[in-house]
Amino acid sequence: MAESTLIVSPAPHIRSGVTTPALMRDVVISLIPACAAGVYFFGARALVSLAAAIVGTVGAEYILERITGRPVTIGDWSAVVTGVLLAMVLPPHVPWWILVLSGFFTIGVVKLLFGGLGFNVFNPALAGRAFAVAAWSALANSGYIWPAGAEAAHWVQGFDAVSTATPLTLLKMGEIGGIPMTRFYAPLFFGNVAGSLGETSALALLVGAAYLLWREHISLRIPLTYIGTVAVITSLYGHDPLFHILSGGLILGAFFMATDYVTSPMNPKGQTIFAIGCGVLTALIRIFGGYPEGVCYSILIMNAAVPLIDRFARPKRFGEVKARGQNA
Amino acid sequence: MPRGAFRGGIHPPENKSLTSGLPIVPAQQPSKVYVLLHTTSCPLNPLVAKGDQVLKGQKLADTDQKFGVPVHSPVSGKVAGISTVRTANGHDDTAIIVESDGNDTLHESCVPVKNPLSLSRDEIIAAIREAGIVGMGGAEFPTHIKLAVPPSAKVDTLLLNGAECEPYLTADHRLMLERPQDVVAGAQILMRALDVRKCVIAIEDNKPDAVQALTKEAASVPEIEVMAVRTKYPQGAEKQLIKSTLGREVPPRCLPFHVGVVVNNVGTAVAVADKFYRGLPLVERVVTITGSAAAKPANLLAKIGTTAAELVEQCGGVKGELGKVIFGGPMMGQAVFSLDVPTSKGTSGILLMTAEEARQREVLPCIRCGRCVDACPMRLEPAILHQWAEQQFWAEADAYHACDCIECGVCAFECPSKRPLVQAIRHAKFEIGRLRKAAKERGAK
Ligand code: SF4
Ligand code: SF4
């Protein structure tokens, strides 16, 4: 018996089958329906965007790690996740080179400069979007298009000035409003509206989210708290909450961005605080802010608060407080 | 929280079907046994010398120290020597080596106790110590110490732990199934020793046959309640089991008796019954030989001190390429460097893993997924404790309650990045202990 080869290592001697690369790959899989919806509504351009963003993020990770002599980590799939999400949060009509550059920026500065996977403070895809919008600001209000045959004019009679306005922009401009806005629910739910590449179809996003829930990679705590908070605040201010839930990037943000492990709190209490913060900020920006949409900045702001939240919202350890007699 | 549950925990693959249907069979007579002279932290003084003839059940070594318990010869035969052996935890220890004569002749001291239930508490506890009984679940904590709770503690319940939540192991399962009368008899003696009128026998609900057998056996003893608890690791951890069965949470840095409970393993109850009704000190136990690399898995009644090699050999040896040998279960057991290591009183199983199963997984950075936090039954933050340990910030690790960790392995099992969390936390606990001791010494001066 070849006993000298026995492995002696500390317990536990068995590990769960879930690995970080497999988990990241599952996130990519969960994004496929929403990407497919993007291609369906906005045409093959969407594919170019997705490809360009992935080339930017994965390429940046590979090249920068090679240059700095660090182990190349593209095999963990996290750069692919960032690339796909980056394309999804930008308008469908963005020049491909902007996607490549933003991908490069976010991997280089937001991720690797902070220490690589697990150490970045900000959600890389959203930070990449913020970078793109700041650097090429025209993007913020152009680049959006309506799917063929579903132009804004169909929504708003006599409205033809801005063909690139998203539903939230229309709301901000006062072109649509009032309660209820039931006639908008169906197009918003299926995605037949203007918006960023991956955000328009609530249905496709929810299918992907269901996959992540089924695989137990995410829980409903952050998404539901986030969306619920937005619903409560918008209805307090006389808006139609369902319109707010279905439009813009809320569902994409709540299920796929705010749940990003690295940039959200680690324990349940902290996650709830984080999600409420995201919800409050999103609702306030949408109602009172200068921008029609607030998901991206809300999550980025709350990302910055995570170290603080993690420090103060701590789980109550086993046996704490409860002394004998109090627990019968 | 529903009865029978605690927060956190995991469901690792059970793999118990390898042996759960196999009756306990007596192991072959070992050629020799290694009787370790430690059991707990106290070294023992040998009472025999090389060349002496000894009988089964004869006391071989003892100590005056409070925590120590004596050891007895599992076989009859000749003392071949007293020398150093490598034990399961990798340390060197002294052992009395007894060569078996194959007859198992019983020593005269091994006589049943008459009317054990009429003995006083102290007499029972003394007899349990004299029989060398320790916790059979793996920790080997001396049972007489557990039973001698301070009078101020107001213990009202004896909790018998039949959860057997470690994957693969079925030693306790088979004991409960095949010897329920001894579990109940042992429980009654332990209740007498604690002077309590209530006993709960907790069994995970993946062993309905054991629940049934014990419920039937205990039907005539109204003080004993058999309770099925949810199958979830680490259900068998003392604090978690108390929470599941009685709804009480043992506060940090406290022992079960602080909430009025004393926990003993079902195997320990059987050892107690053996002592009082058969006169046998603790010299044998059930060991589950199992794992994908075990040719013929089995539940063996083995003499304590038999080497793993002898036990594995009579189970058909090794199948395939052997990668790892574990004493105990896969979650908390000890990987040993060689099959020549002898079993001890707490060895509940020998798990043989194939080279493929034992393969080391690639360690990736923490992605802050929170799985370890969600699953930790002590509700700690293992990922953060690991960070503190990596940076050697021991005071911070202490402030994040590293010392509450029960080393159940749940966090490391769950981690998708396969980080060595338990190892790091154990290191932190060690350093914190050193710092505390140093602080105390400074304070004393
Ligand atoms: S930190 Fe300790 S108690 Fe918590 S899961 Fe890890 S090993 Fe178990
Ligand atoms: S389970 Fe592993 S990767 Fe996840 S938070 Fe804990 S240590 Fe980090």
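User: Which helix is Ile67(A) found in?

Analyst: Happy to help! In this predicted model, Ile67(A) sits in helix α2 of chain A.

User: Why is Ile67(A) called exposed?

Analyst: Exposed means over 50% relative accessible area. Ile67(A) has 63% relative accessibility, so the residue counts as exposed.

User: What makes up the nonpolar patch on the surface that includes Ile67(A)?

Analyst: Alongside Ile67(A), the patch holds Tyr62(A), Ile63(A), Val72(A), Ile74(A) and Phe104(A), and together they have about 490 Å² of accessible area. Helix α2 (residues 45-67) of chain A gives the largest share, three residues.

User: How do you know that Cys35(A) is in no disulfide?

Analyst: A search of the whole structure finds zero disulfides over all chains. For Cys35(A), the nearest cysteine sulfur belongs to Cys296(A) and is 17 Å away. A disulfide needs the two sulfur atoms within 2.5 Å, so this pair does not qualify.

User: And what about Cys165(B)?

Analyst: The nearest cysteine sulfur there is that of Cys408(B), 9.1 Å away. With the cut-off at 2.5 Å, Cys165(B) is therefore in no disulfide either.

User: Why are Cys35(A) and Cys165(B) called buried?

Analyst: Buried means under 20% relative accessible area. Cys35(A) has 10%, so the label fits, and Cys165(B), at 14%, counts as buried too.

User: What makes β1 and β16 of chain B edge strands?

Analyst: Each of them pairs on one side only. They belong to an open sheet of six strands with mixed pairing, in the order β1-β14-β13-β17-β15-β16. On its paired side, β1(B) runs parallel to β14 (residues 298-303) of chain B over three bridges.

Methods
Residues are numbered from 1 along each chain as its sequence is written. Chains are lettered from A and ligands numbered from 1 in the order in which they are written. This is a predicted model: local features need pLDDT of at least 70, side-chain atom pairs count only at pLDDT 80 or more; totals for chains, interfaces and linings use all residues. Side-chain values use heavy atoms; hydrogens and water are left out. Two strands pair if DSSP finds at least two bridges between them. Helices (H or I, at least four residues) and strands (E, at least two) are DSSP runs, numbered from the N terminus. Patches are made of residues with over 30% relative accessible area and no salt bridge: like charges are joined within 9 Å, nonpolar side chains (Val, Leu, Ile, Met, Phe, Trp, Tyr) within 5 Å. Accessible areas come from the Shrake-Rupley method with a 1.4 Å probe; for residues, only the protein chains shown count as cover. A salt bridge is a side-chain nitrogen of Lys or Arg within 4 Å of a carboxyl oxygen of Asp or Glu. Buried means under 20% relative accessible area, exposed over 50%, partly exposed in between (1.4 Å probe, protein chains only).
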